[in-house]
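User: I'd like to learn how to read a protein model feature by feature. Could you walk me through one, general idea first and then the actual case?

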Amino acid sequence: MLNTTDQQIDNHTDPIQEFWDWFADNSDEFFQIIQSHDQVEERLITKLGAQLNALHPSLYFLVGLEDDGKAHLYITPEGVVQHVAYAEKMVAAAPELPNWSFKALKPGTKKLEFEIRTEGLTFGKNNLQFYPIVNPNFPDKIDLMFVYDSFHPESYQEILNGTFLFLDSFLGEEVMINTVDHIEVRGPGADIEELIPLEKLPDYLNWREKEFVEKYQEITYDPTDDSYTGFEGTTQEDMPIISTINTTVLNWDHKASHPWILVIMNEYIPANESGFPDADTFDLMVSVEEKIEERLMQRPGFIFLGTETVNGIREAFFACRDFRYASEVMDEFIEAYADKLNMRMEFFKDRYWQSFEKYRQANHLED
């Protein structure tokens, strides 16, 4: 395994283990607090929140009682993909405690005997139905339209948010992250051919996911003959943009097999009015990108798509079959280069790489 940097990092303590040691020491008291409902906010939520925030400020938690009488602790990134792997790593290290169960990501109820109330609106099986949004150009995308009985356009965002909260509780966080690409909301109308009750939504998603896996699980990509094209342009503010894009892979027929786009962002202080970095900073960013690529390519399922540099930020793009390993690798690099680079990462789902279509079309025009 390659070192992240030439410098050896000596970690004397394991922060995750320290968290669980602290939790185990307080677990009996926390269990009694949940059972008694006595000052839960002051005696449990505040203390646990402070400890978790010190470990990872982008993780959150839910506590409660299970049907079997055990208490549960769910660690959640609240849908932020780049923090899923850390939440799962954290729960994998959890101790076995007699009165507790631990899970990464919020599980779904898989039952419809509940409602979500938010912003003065109610969401549940009695006022929500759905139908798939079908686009023959993107047959593997799972886009869903939810029909809300009391829809009114001026409350579109509140209705969309409430629908998402309901689905998050019903289906679970992992299904919402991994399976559903996009949701929309609208009201009833005569133009709708068929509405599907929410009871059938889990089966529909299971069918679509199984179909997707069977279609793409054996697909691999050979980068041997990849070629890259340079593009130059300007922003609306007339700042120059320089991009280098893998235009060979943009014509690949199996893009959907790598639906996640990893964006590595390096912010820098521009060296001049062009907005580009000085030579040393540029060389360091390129070197780190190459090291990250080398680490990722130790496993199948990653394709380097290219880079874009403009006005104080350089971005590198990878298409990924899954985001977990890439998240772990990026966490290492971000920590290792924290004193040299202002680097962060994001993931977004783009099954057909539509965000790169402008480069594919521009390259065809040049041809």
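Analyst: Let's go through confidence, salt bridges, a charged residue without a partner, and backbone angles.

User: Let's begin with confidence. What is the mean pLDDT of the protein chain?

Analyst: This is a predicted model, and the general idea goes like this. Where pLDDT is low, the predicted coordinates should not be read in detail. Here the mean pLDDT of the protein chain is 93, with 96% of its residues at 70 or more. Residues 1-11 are the stretch to watch: pLDDT stays under 50 there, and the model has 15 contacts beyond four places in sequence for them.

User: Got it. Next, salt bridges: how many does a search of the whole structure find?

Analyst: Side chains of opposite charge can pair when their charged atoms come close. The search of the whole structure finds 19 salt bridges. Take Lys106 and Glu78, whose side chains meet at 3.2 Å, N to O. That pair links distant parts of the chain, 28 residues apart: Lys106 is in the loop between E3 and E4, while Glu78 is in the loop between strand E2 (71-76) and helix H3 (84-92).

User: Are those two buried or partly exposed?

Analyst: One of each. Lys106 counts as buried because its relative accessibility is 15%, whereas Glu78, at 42%, is partly exposed.

User: Which parts of the chain does the Glu88 and Arg324 pair link?

Analyst: First the bridge itself: the side chains of Glu88 and Arg324 meet at 2.8 Å, N to O. The pair ties helix H3, where Glu88 sits, to helix H8 (residues 324-336), home of Arg324, with the two positions 236 residues apart. Glu88 is partly exposed, with a relative accessible area of 24%, and Arg324 is buried at 18% relative accessibility.

User: And where are the partners in the Asp140 and Lys215 bridge?

Analyst: Their side chains form a salt bridge at 3.2 Å, N to O. Asp140 is in the loop between strand E6 (128-133) and strand E7 (143-148), and Lys215 is in helix H6 (residues 201-216), 75 residues apart. Asp140 is buried at 8% relative accessibility, while Lys215 is partly exposed at 44%. On top of single pairs, salt bridges that share partners join Glu88, Glu174, Asp322 and Arg324 into one network.

User: What about a charged residue with no bridge: which side chain of opposite charge is nearest to Asp350?

Analyst: For a case like this, look up the nearest opposite charge, then the other surroundings. Asp350 is buried yet has no salt bridge, and the nearest side chain of opposite charge, Lys141, is 6.4 Å away. A salt bridge needs the nitrogen within 4 Å of the carboxyl oxygen. The side chain of Asp350 does reach the backbone nitrogen of Trp353, at 3.0 Å. Asp350 lies in the loop between strand E15 (342-349) and helix H9 (357-366). Setting aside neighbours within four places in sequence, its contacts are Pro259, Ile261 and Ser355.

User: Last topic, backbone angles. What is phi of Leu105, and where does Leu105 sit?

Analyst: Here you check the sign of phi, the residue type and the location. Leu105 has a positive phi near 75° and is not a glycine. Leu105 is in the loop between strand E3 (100-104) and strand E4 (116-118), and counts as buried because its relative accessibility is 4%.

User: How exposed is Asn311, which also has a positive phi?

Analyst: Asn311, another residue that is not a glycine, has a phi of about 45°. Asn311 is partly exposed, with a relative accessible area of 43%, and is found in the loop between strand E13 (302-310) and strand E14 (313-320).

Methods:
Residues numbered from 1 in each chain as written. Predicted model: local features only at pLDDT ≥ 70, side-chain atom pairs only at ≥ 80, totals over all residues. Heavy atoms only, no water. Helix = DSSP H or I, 4+ residues; strand = E, 2+ residues; numbered from the N terminus. Buried < 20%, exposed > 50% of the residue type's maximum accessible area, 1.4 Å probe, protein only. Lys, Arg positive; Asp, Glu negative; His and termini not counted. Polar contact = N/O pair within 3.5 Å; in protein donor to acceptor, adjacent residues only side chain to side chain. Contact = heavy atoms within 4.5 Å. pLDDT = per-residue confidence, 0-100.
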